[in-house]
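Got the viewer open? Here's a short tour, stop by stop, with something to select at each one.

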Amino acid sequence: MSAHKLRAIYKQLNDKIDKAREEALFEIKELKTDLNELQRHYSGRKKVTDIQPDDVIRSAYDISQRMREIAKRQEILAEMEDVAAEADALEYLESRGAKLLTRPVGWHFQTAKERFLLHEADAVEAAAELRKLLAAGKRLKKPKKRKKVAK
């Protein structure tokens with residue numbers, strides 16, 4: 001799947017999470033006002049109230065439903081991010097010539113001089129280690145700037 005499609009899916013999931021969060025906040029505010037009115041009614045400060053018992057139950061149910069919805073979408077989003085990170089790591093490792101060997105077990109990267117064991121099982125960790133190795137090998141000392149001498 002292309003990165004553009006993945007970003008669109010991530011955005012849609014995040015938008016739905018935000019919408020559910022806003023709806024839950026609205027229900028919490030409504031429930032809060034209903035409970036405050038009930039408190040005033042039962043403490044004797046307000047004589048008549050029009051709040052129905054089912055309103056309180058419905059609000060609490062809506063809040064719990066939104067909470068479950070948010071948790072499920074966040075779980076799906078986290079799983080998708082893990083799978084995408086692993087796929088990117090595998091692609092990176094293979095493009096740089098790293099191999100998954102059985103003896104010794106793990107991801108290996110071999111240069112002309114030596115062989116590196118990157119990580120035993122986790123491709124994401126191995127890709128991070130390979131990035132560090134390659135970055136360290138590509139660092140060159142910058143030549144010192146010469147100061148111009150005035151004639």
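**Stop 1: the hairpins**

Select E2 and E3: these two strands make a hairpin, with four residues between them. Keep in mind as you click around that this is a predicted model. E2 covers residues 105-110, and its pairing with E3 is antiparallel, over four bridges. To see individual rungs, show phenylalanine 109 and look across to its bridge partner in E3, phenylalanine 116. Then try histidine 108, whose partner in E3 is leucine 117.

Now bring in E1. Another hairpin links E1 to E2, this one through two residues. Four bridges hold the antiparallel pair E1 and E2 together. Pick out leucine 100, and you'll find tryptophan 107 of E2 as its bridge partner. Lysine 99, meanwhile, sits opposite histidine 108 in E2. So which residues does histidine 108 face on its two sides? Lysine 99 is opposite histidine 108, and leucine 117 is its bridge partner in E3.

**Stop 2: the whole sheet**

Colour the three strands together. They form an open, antiparallel sheet in the order E1-E2-E3. Strand E1 (99-102) and strand E3 (115-119) are the edges, each pairing on one side only. Turn the view a little and check the twist: on average, neighbouring strands are turned by 45° against each other, direction ignored. While you have side chains switched on, remember that in a regular strand they alternate between the two faces of the sheet.

**Stop 3: a cis bond in the loop**

Go to the loop between E1 and E2 and select proline 104, which is found there. What is the peptide bond from arginine 103 to proline 104, cis or trans? It's cis, with omega near -20°. That deserves a pause, because most peptide bonds are trans.

**Stop 4: the two helices**

Next, select helix H1 (residues 3-43) and helix H2 (residues 53-95). Their axes come within 9 Å and cross at roughly 160°. An angle over 145 degrees counts as roughly antiparallel, so that is how H1 runs relative to H2. The crossing of H1 and H2 is left-handed. Colour the residues of the H1–H2 contact by type and you'll get 18 nonpolar, three polar and 12 charged.

**Stop 5: a ring with a charge over it**

Last selection: tyrosine 92 and arginine 131. Where does arginine 131 lie relative to tyrosine 92? It is over the face of the tyrosine 92 ring, at 4.1 Å from the ring centre. If you're tempted to hunt for aromatic pairs next, you can skip it: a search of the whole structure finds zero.

Key
Residues numbered from 1 in each chain as written. Predicted model: local features only at pLDDT ≥ 70, side-chain atom pairs only at ≥ 80, totals over all residues. Heavy atoms only, no water. Pairing = 2+ DSSP bridges. Axes fitted to C-alpha atoms, helices over the stretch in contact; angles between N-to-C directions. Parallel < 35°, antiparallel > 145°, perpendicular 65-115°, else oblique. Left-handed = near helix turned anticlockwise from the far one by under 90°. Nonpolar A, V, L, I, M, F, W, Y, C, P; charged D, E, K, R; others polar. Phe/Tyr/Trp six-rings, centres within 6.5 Å; stacked < 30°, edge-to-face > 60°. Lys NZ or Arg CZ within 6 Å of the ring centre and 35° of its normal.
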